[in-house]
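Got the viewer open? Let's take a walk through this structure, one selection at a time.

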Amino acid sequence: MAPNSRKRKAVNRDSTPDNDSEEDLADGLEGILSHSEDESEDSQDEDVGSGDESEEDTFSEDEVDEDMESGTDLFDAEVDIREQMRNLEATEGTPRKESSQLIHEPDSHTEADDELKLGYEGEELLHNYTVTTDANGNPRYLYKEIDPVYNSDDSDAQEATNTIGNIPLSYYNAYPHIGYDINGKKIMRPAKGEALDALLESIDIPEGWTGLTDPATGKPLQLTGEELDVLKKITRNEILEEGYDPYPEMVHYFSGKEEIMPLSAAPEPKRRFVPSKHEAKRVMKIVKAIREGRIQPYKPPVEEEGEEKDIYNYDIWANEVPRPEHSMHIAAPKLPPPTYDQSYHPPPEYLPDKEEKKAWEEVDEEDREKEYLPTSYDALRKVPGYGRFVKEKFERCLDLYLAPRVRRNRLNIDPESLLPKLPSPEELKPFPTTCAAVFRGHEGRVRSISIDPWGYFLASGGDDGVVRIWELLTGRQLWSVKLSDEDAVDAVSWRPGKESTILAAAAGENIYLIVPFAILSPDVEQSSRDLLDTGWGYAASKPTATNGVTTKEPPARWSRPGIRLEDKGVLVQIAVRSSVKAISWHRKGEYFTTISPRGQSTAVAIHALSKHLTQLPFRRLKGLAQSAQFHPSKPIFFVATKNSIRSYDLAKQELVKILQPGAKWISSFDVHPGGDNLIVGTYDKRLLWHDLDLSTKPYKTLRYHQEAIRAVAFHQGGLPLFADASDDGSLQIFHGRVVQDLMENATIVPLKVLRGHQVKSRLGVMDVDWHPREPWCASAGADGTCRLWN
């Protein structure tokens, strides 16, 4: 610090008028200081002045006198200061003219004050840094911090910015500051709590105040009016600004147009070619090998004439003569010529629409009628390659050498000649065509009907438990009796034979034998009563078991029904073990059979009229019994179960044949008067004709009904007619002619469909029966009526 003190002592000494250099220095310093005072906006000159005065007071006059002796050192110092002043004048760009004018201005300051200011200025210039030593031993200059000295409220002054980055302010909760500014100074935490509340109460809430705190500075967050409006619109889900479209139109990045030809077909220029370094290396290797002789140029082989003498070439097709085709040779069939739909531009009517195209694509490839879809193109050059070309050609080759081909003589046969020659229905008359009479009186369904052997009366039974007898020609009710209050009359049947008239009716588990004497002549009534009374005498003469030996319970009990029914003509009551659903008589009238489907061993029973005796021919029947019939001329008994029909020889007591109609459920069947054919009706809407001499399978299967078939019947008077009744409310009349010639099959022709019954609860016609002589038939319906068709 010796040089600095030395300068101060030199400056503060009393100046002599003889030294010109000192005067020039004082004048120049005064001008510079006055110039700097004018340009300065701060109060630095006042501080410097006060500093000079304080420093001037510290110096003593003795020290000044001692320094005067060293003139040489003073001259060097003055030269250095003058050099610095010139540099200042050059940098500030102050004109020399102004400085000279300032020098000669009158000033109240003394030369000592100017020299004091000059000494202080020189001290500041020399002490703006500190010299230290770094880690390597080299000098290191540490400059002092520049103090801008903002002592007034300046709007241009930049606020302190927190530079802690993304560090949360919660890390500074234990400290009085909240971060550091750009200069490394601490930013103190703003006032909070009671002081802040008192301040807020004393002032008005400024515009844009939100009550939020800026997480970066910790100060209240100020928002503008526009920002507050944006926040309000966001909370209300409104559009932020006018003209904003939340659903702008889609910008198509591609045109969507398929370009057939390229935009430019010009070849690439050679300047775009980039040679391959790898290929250049390989070429150089090949060139080097050629130069060294490792790769020899190609030389064609030398032909030796000696070897050609031993080789002989024969042209086996040189003298080939076309051979005539063999008689067994079959040429490959030619492909059919293309049609209109195979054209690249077919007519519009051959092009499929969207629905046909979609249907074609959804169908399996093997099930498609065509292997292609007709497509239209503007030009032939736009037609793409056919994707199935290779596959079709391969399949064509397989067909040519794998598929066997046989030469056959074409037969010109008329298809109509293959159909059987059926007679016209007009030639097959008579047969019933119209409804002649309607019988009304039953309550509920009419389940069964039967025409007596004379052809005068029609008996019917229904759900009301009443048996009614009608006059066939007029439709008038002649006689009726109520057999049961609970059970329906499921079956009625007249005994065959004209010498006596007996009607059998089944209601529940009881079978009633009726002689309607009110409508009979006295001779017929007496013969009928005698026939029934014969059985009582046989039962009385039959020995009974004695000595306390118990006998088995009989399958049926024959008894008299009671006075009320006897007065009506009901003479015999037969009680069996289960409900009876069907009754069928033997041709002689001595026996009749009943069917009880729910009974197992008692399902089929045969009753003897003259002996009042009931027999059970089967201990156990295979299947659920549906119906039973006697053969018209032979001792053969037919029993129909659910799926099959069995024929038994009653004389030999053995099974003769099992017929397999192939039906799911058999409803009824009837035997032809000749005995060699029978028809079967099924619940699965089929009518089956069986030829007993031909096979156990059906000869014909007829499907003419939409619902189940309930009943079938042959005409027993010699006419080739048969009919069936169905739940669809119709009857179908057929012509069935059977000849004695075994080489000729039966002729079956459908004739007429009779409609008139109404369908009730999905039930239509319940039963059908033929007149014994005339081509008339009667039908019973679920609508409570009976109809006569002629």
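Is arginine 737 buried, exposed or partly exposed? With a relative accessible area of 36%, arginine 737 is partly exposed, because buried means under 20% relative accessible area, exposed means over 50%, and partly exposed lies in between (1.4 Å probe, protein chains only).

A quick note before moving on. This is a predicted model, where local features need pLDDT of at least 70 and side-chain atom pairs count only at pLDDT 80 or more, while totals for chains, interfaces and linings use all residues. Residues are numbered from 1 along each chain as its sequence is written, and side-chain values use heavy atoms, with hydrogens and water left out.

Stay on arginine 737 and add glutamate 744: their side chains form a salt bridge at 4.0 Å, N to O. The term means a side-chain nitrogen of Lys or Arg within 4 Å of a carboxyl oxygen of Asp or Glu. Glutamate 744 is partly exposed too, at 38% relative accessibility. By the salt-bridge rule, the count comes to 19.

Next, select arginine 445 and aspartate 463. Here the side chains meet in a salt bridge of 3.3 Å, N to O. This pair links distant parts of the chain, 18 residues apart: arginine 445 is in the loop between β7 (435–440) and β8 (446–451), and aspartate 463 is in the loop between β9 (457–462) and β10 (466–471). Strands are DSSP runs of E, at least two residues long, and helices are runs of H or I of at least four, numbered from the N terminus. Arginine 445 is partly exposed at 25%, and aspartate 463 is partly exposed at 25%.

Now widen the selection to Arg445, Arg447, Asp463, Asp490 and Lys581, which a network of salt bridges links.

Then pick lysine 482 and aspartate 485. Their closest N and O atoms are 3.9 Å apart, in another salt bridge. Lysine 482 is partly exposed at 33% relative accessibility, whereas aspartate 485 is exposed at 68%.

For a change of scene, go to Asp364, Glu365, Glu366 and Asp367, which form a negative surface patch. Patch members have over 30% relative accessible area and no salt bridge, with like charges joined within 9 Å. Aspartate 364 lies in the loop between α12 (354–362) and α13 (389–402), and is partly exposed at 45%.

Last stop: the unreviewed UniProt entry lists residues 439–480 and 765–790 as "repeat: WD", and such annotations may be inferred rather than shown by experiment. Select 765–790: this stretch is 0% helix and 62% strand, with its end C-alpha atoms 17 Å apart.

Methods:
Patch = residues over 30% accessible without salt bridge, like charges linked within 9 Å, V, L, I, M, F, W, Y side chains within 5 Å. Areas by Shrake-Rupley, 256 points an atom, 1.4 Å probe, with all protein chains shown as cover. Lys, Arg positive; Asp, Glu negative; His and termini not counted. Charge placed at Lys NZ, Arg CZ, Asp CG, Glu CD.
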